Structure formats: C-alpha cells, structure tokens
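Work through the exercises below with the model open. Try each task before reading its solution.

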Amino acid sequence: MTTENQFTGGSLLFDVLQQHGVNEVFGYPGGAIMPIYDALYDSDVKHYLVRHEQGAAFSAIGYARATGKVGVCLATSGPGATNLITGLADALADSIPIVAITGQVATTAMGSDAFQEIDVFGLSLACTKHSFQVRDVNDLESVLHQAFAIALEGRQGPVLVDIPKDVQLAAVQKQCLKVSTIPNKVKLPPADVTKALSLLTTARKPILYVGGGVGMANAIDEVRSFAKETGMPSVSTLKGLGALSSDDNPYYLGMLGMHGTKAANIAVQECDLLVAVGARFDDRVTGKLTEFAPNARIIHFDIDTAEINKRRFADAPILGDLKANVPLLSCQLEIEEWQNKIVEMKQDFGWQYDHPGQGIFAPSVLKEVSEKAPKNTCVTTDVGQHQMWAAQHMNFDDPHNFLTSGGMGTMGFGLPAAIGAQVSRPNDMVIAVTGDGSFMMNIQELGTIKRFNLPVKVVLIDNEKLGMVRQWQDLFFQGRLSETDLSDNPDFVMLANAFGIKAKQITTKAEVSDAIAEMIDHDGPYVLQVCIDALDNVWPLVPPETANDKMMEST
Amino acid sequence: MNQYQLIIMADDKQVVLERILQVTRYRGFLINGISAEVNTGTKVATIIMQVSSERPIELLVDQVNKLIDIKSVSVDNSVAFENSATLLKLSTQN
Ligand SMILES: Cc1ncc(C[n+]2csc(CCOP(=O)(O)OP(=O)(O)O)c2C)c(N)n1
C-alpha cells in the first residue's frame, strides 16, 4: 500500500473484507495464495490458522451459523482448494452464507497443468451458490462486493472467489464502490393469502412445520407469535430446532422425521393442514414421500421458488421473506379437540430416561449438559447417533445455538464449527457434541483450539463404533458388521493432553454429574469422553421408504 | 420422455453456459439440442435448449432461474420437435 487508494489485489481483498465487517478469517497458506498472506501480514484482519482446509470451511460455517454473518475462509490452489470442497457442499446443502477465497496459479500458467493447478472454478459449479474467477485485478473490488451480496441474498449460500497469483500481486486503484445488493430478479407471484387463510381457518387438525429457513430469515419472533396466536400444534426439522420450545409452547412436539418424536410423526401423519415455514420436505423428514401427511393440504412459506412443489404440491404457496409473510396468516383458531389430543400424545409418548445398570445412557448425559450449560450456549454436533441424541434430548432457545450438518450430514463438522462459533461469540459457551468416529475426522483442529486458547468444550460420546452405521447394519443388514468397529481408538484423554487440552474419561452413571460440572466450570478447552455401550441405539427410527407413523421403537 | 424447448436469457458472464448445462444434467434432463448467441451490444445471451425428461419442466425452469446470471427462462410451447435443424444436434448421453 503506497498511497491511500493504491492497493495490490491482496491488500484490496482485506480492505473489502473489513468493509463488510469481517475481522476474522479462517485459512491455510500455500504457494498460490502467498501474496494474499503477505498482505494479511499488514492487515488488521485476524487470521485463524487451522490445521486442514476443511477445518477452515467448517469454521467459517460455524461462524456464520452462530451469528448470521458471512464467514470467510482462505486456501491455496490445488489441494488447498479441493480440501475446501466438502465444506462448500455442506454450506450449499444447509444454505449457509460463506465466502471462500482460493489462490490460483498465475493467469499465464492457467490451463497448463501447472504445479498445484486445479480447475476449482469448474469444481465450484456443483457445490456453491455462485463463483467467480478474477482475471483482471480491476474487477476484484466489485467481484468481492458481489460475492458478499450473493452469499446473503434470498436463500443464502456459499460463494467462491478464485484469484490467480498475478492478480493478487497486481497494483490496483480502489474504486470505492458502493456495497452492492443483488436485485431480486425472480418476480414473485402474488401470495394467495386469502386462500391460505381459508385453508387455515377451516382446518380441524393443522400442524406448523418449522424448518431451518426460520432462523436464517430471522423470523423466530414472528413464528413464535404465529404459533401462540393460532395455538397451532407444531413440529420442527433438525435445522429448525430452537425456533420453538416446549417451555413456552404446550403444543410443540419437537423434531419430526426419521428420528423424530413419536408424537410429532403421528400428529403430522394425522393432520389435515401442514403449514411449512422455511422447510423443504427433505427425505429425512418425510420418510416415504407418497405416504407423508396423506390427508394434509399444504401452505408453504419459502424464499426459494424452486422449493415450491419440488417434493410436495403446495395448495397455497407464499413466496418471499418469512419475516414479512408469516404474520399475514395470524388468526385465532378453534381447534381445542386437536390441541387436547396433542397434549395427550405428548404426555403418552414422552422420553424415557430409565436405563438399567451402571453404564452411561447418552440421552441422559446430553439432557443434563443442556440443563446445566449457561444460557445462550451454542452446541455443535458431528454426525451419527450422538447427533440425533443431541437433537432429541437437548433444548435450544434459538436456532443459532444448535449447529449441525443437516443436508450433507458431514462427519468432521462439529469441532471446526465449534471453533468458528467460539470465535464469533467469545462470551458464550460453545459445546461440540461428537462421536469417536467423527471426532477423528478433524481431530487436528484441537491444535487450533489450543493455539488460540478457545474454551470450546467437547462432549465425546464414545461407543467404539461408527454407531449409526452399526445400528443400520444390525437392523437392516442382518447384523453383518462391516467396517464399523473402532475398538482400537487412541486413548482420547492422552490425545487431548498431547495437544495441551484438559480431558477426562467417564464410564459410569455415578460420575456423570460431577464430570459435567467440572467441564462447564473449567476456564479453557476441555474434552469429556463419555464411554457408552457399543450397542445402544437411537429410537424411534423410521426405516427407509416407510411412512413416518410406522416407526421402530426401543423394545 | 417428454420434450421441451426452453428459451433462456442470460447475462453473458463467465461460464454461464457451463452452469446451465450442469444444472440441467443434475436435475435429470437430457439435452437434445442447444444454440447460444450473444448480443454484443447488450451482452445478453439467448440460449435455446431442447431437453427431455420424465420430470416436470417446472423443476428445471425454477432451478435454472436460480442461477445468478440468468435473466429469464421460459418454455416455448410452439415448437415442433422434428423441426429443430437450427439447433446443434446432440446425440450423446451428455
Ligand atoms: C464424511 C462422512 N463419511 C461417512 C459418513 C457416513 N456416516 C454417517 S454416521 C456414521 C458413523 C458416525 O460415527 P460416530 O462419529 O462415532 O458417531 P456415532 O454414530 O457412533 O454416534 C458414518 C460413517 C458421513 N456421514 N460423513
């Protein structure tokens, strides 16, 4: 930087990032991104050096999901860029606004199979909302503004900006462009509010089906008021958890779908009207689609036109901003009989926590962690049985406090996502609930946690198995346990200690309460290894291609 | 399999054609023919694409429309499919 508006591509990048309020980024350097890292050296942006680029992408996702802001990650060309891909796919599936910056070989070398050259622009087509390759440094400023606008506009998602090395080095004059917004080109058809209202007021058994869109649209208050005003019984998807809560809503039945509560699934199968808000009738939610909510008419609120009628016909689609639209249907309903039935089901089918023997019951542990953790604790999970137990037995008061890989179901998400969440919310407690398989997928990020002394707590539910796959092998593959044994795991306490992180192993019920208290009271990072029976299963379970009311239950 | 002709108007930006092809394949449509022209003055591309699929065409229209550089997508119902000599004929499984 010589004079005020004189930049290199690299220094301009950080200037624009700061213009967008980005003061923290996650990344990993390498040859083709060295000019950017050189510019970082003089920048006020704080860089969190991860230990694998996948960790950078997930940390950016955790940062974005815990706050609603755009998360940013950086990687070099070739292997650095390909290591980001899983994270981009995860962000696309869950509609998370992140901007990924990749270094690229110099424009003159592009297309020559140069060292560490990969066509990441081509790869990005299937795993980003949009992508750019900046071939002229004079385009960089505007491209970066567009990247932020696109990540946040409408249905949010990941954007990749690939920047060749010579473009990073080139001198450029800052144009001081206005931060752009993307014009909403899709002309929304007028919502049929009258039709929706008539469906709603004539329904005898309506259900409100809340998805991840509610948190992302910041429509939590609107949806809570709507549920309260109408008195409509409600259910949530995995990603919608936190939008509603049993504490202030007697007719809220929890999660629906494959591992949903019995009451939620039965109620949805019986309902005559389903009001979907920011939800997309995902196959993990619907079970056998042709038998899902067979008697229900559908009101579908969404920001994305392409979700309407994609998997289920909507009798009354209401497209656009949920925050503005949900209150349009507010009304009072006379559905007392249905409400009474819901309350009854909720009582009859409540969770059972009695568990014989001295061994630890993971659902009880997670329930207790949830009850004892301070207000506003942000929980991340990995993928598997522990993830479903967390969804079932922990309570969340806001979707920004439950970060889980929903659409992609990516093992390895939990620890780096917790890093991103902790960086973005330094004053809140962050707890990563993980399994022994998933933990090992990004265990190197314990190094990042230690380096920055991030007080992330890890609850490791250790069954010495790839538990969820083992459960399916037992139930649907005649117990042929193919490659799901992890009984030769490392000593996790010793491993955490090797990173300089305090850790403890517990194996009996009697130890649970004290261990949770110790973890929560500990000032810095902490790994609590909770050993459970290898054969514990997640219940209920709706088998694949089965109607949701034909769930399997614990015997 | 049903056949359709789509008329897509797009800003002539980087890899816009590749994006349309990727979405078309991924969403389960075969491309039977395609032509693309750019108005160099307005930098707006007109892409005419004949596709076939068992799936409803609205699925593809909505998904192509979501691409950032697309201005509009419409289904051209006037076309007779034997008469598509103006389009590049594709006979591969693309
Ligand atoms: C990256 C990735 N690879 C494979 C899978 C398939 N998968 C889903 S759950 C699971 C087992 C997870 O084991 P663990 O983390 O120990 O959790 P548990 O189910 O035992 O609680 C596997 C292998 C996946 N979801 N993600």
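UniProt positions are given in the numbering used here, feature names are shortened, and annotations may be inferred rather than shown by experiment. This is a predicted model: local features need pLDDT of at least 70, side-chain atom pairs count only at pLDDT 80 or more, and totals for chains, interfaces and linings use all residues. Residues are numbered from 1 along each chain as its sequence is written, chains are lettered from A and ligands numbered from 1 in the order in which they are written, and side-chain values use heavy atoms, with hydrogens and water left out.

**Exercise 1. Locate two annotated domains in chain A and describe each.**

Step 1. The UniProt record (unreviewed entry) gives "domain: Thiamine pyrophosphate enzyme TPP-binding" at residues 382-530 of chain A. Helices (H or I, at least four residues) and strands (E, at least two) are DSSP runs, numbered from the N terminus. Residues 382-530 of chain A are 38% helix and 16% strand, with end C-alpha atoms 15 Å apart.

Step 2. UniProt also lists "domain: Thiamine pyrophosphate enzyme central" (unreviewed entry) for residues 193-324 of chain A. Residues 193-324 of chain A are 31% helix and 20% strand, and their end C-alpha atoms are 12 Å apart.

**Exercise 2. Check the span of helix H3 of chain A, then its cover.**

Step 1. The expected span is 1.5 Å times one less than the number of residues. Helix H3 (residues 53-67) of chain A has 15 residues, so it should span 21 Å; its end C-alpha atoms are 21 Å apart, which agrees.

Step 2. Buried means under 20% relative accessible area, exposed over 50%, partly exposed in between (1.4 Å probe, protein chains only). In H3(A), 14 of the 15 residues are buried.

Step 3. Gly68(A), just after H3(A), has a positive phi of about 85°.

**Exercise 3. Classify two aromatic pairs.**

Step 1. Rings of Phe, Tyr and Trp (its six-membered ring) pair if their centres lie within 6.5 Å; planes under 30 degrees apart count as stacked, over 60 as edge-to-face and the rest as tilted. The whole structure holds 9 aromatic pairs over all chains.

Step 2. Phe58(A) and Phe413(A) have ring centres 5.4 Å apart and planes at 65°, so the pair is edge-to-face. Phe58(A) is in helix H3 of chain A, and Phe413(A) is in the loop between strand E16 (402-403) and helix H17 (414-424), 355 residues apart. Phe58(A) is buried at 0%. Phe413(A) is buried at 0%.

Step 3. Tyr209(A) and Phe281(A) are also edge-to-face: 5.2 Å centre to centre, 80° between the planes.
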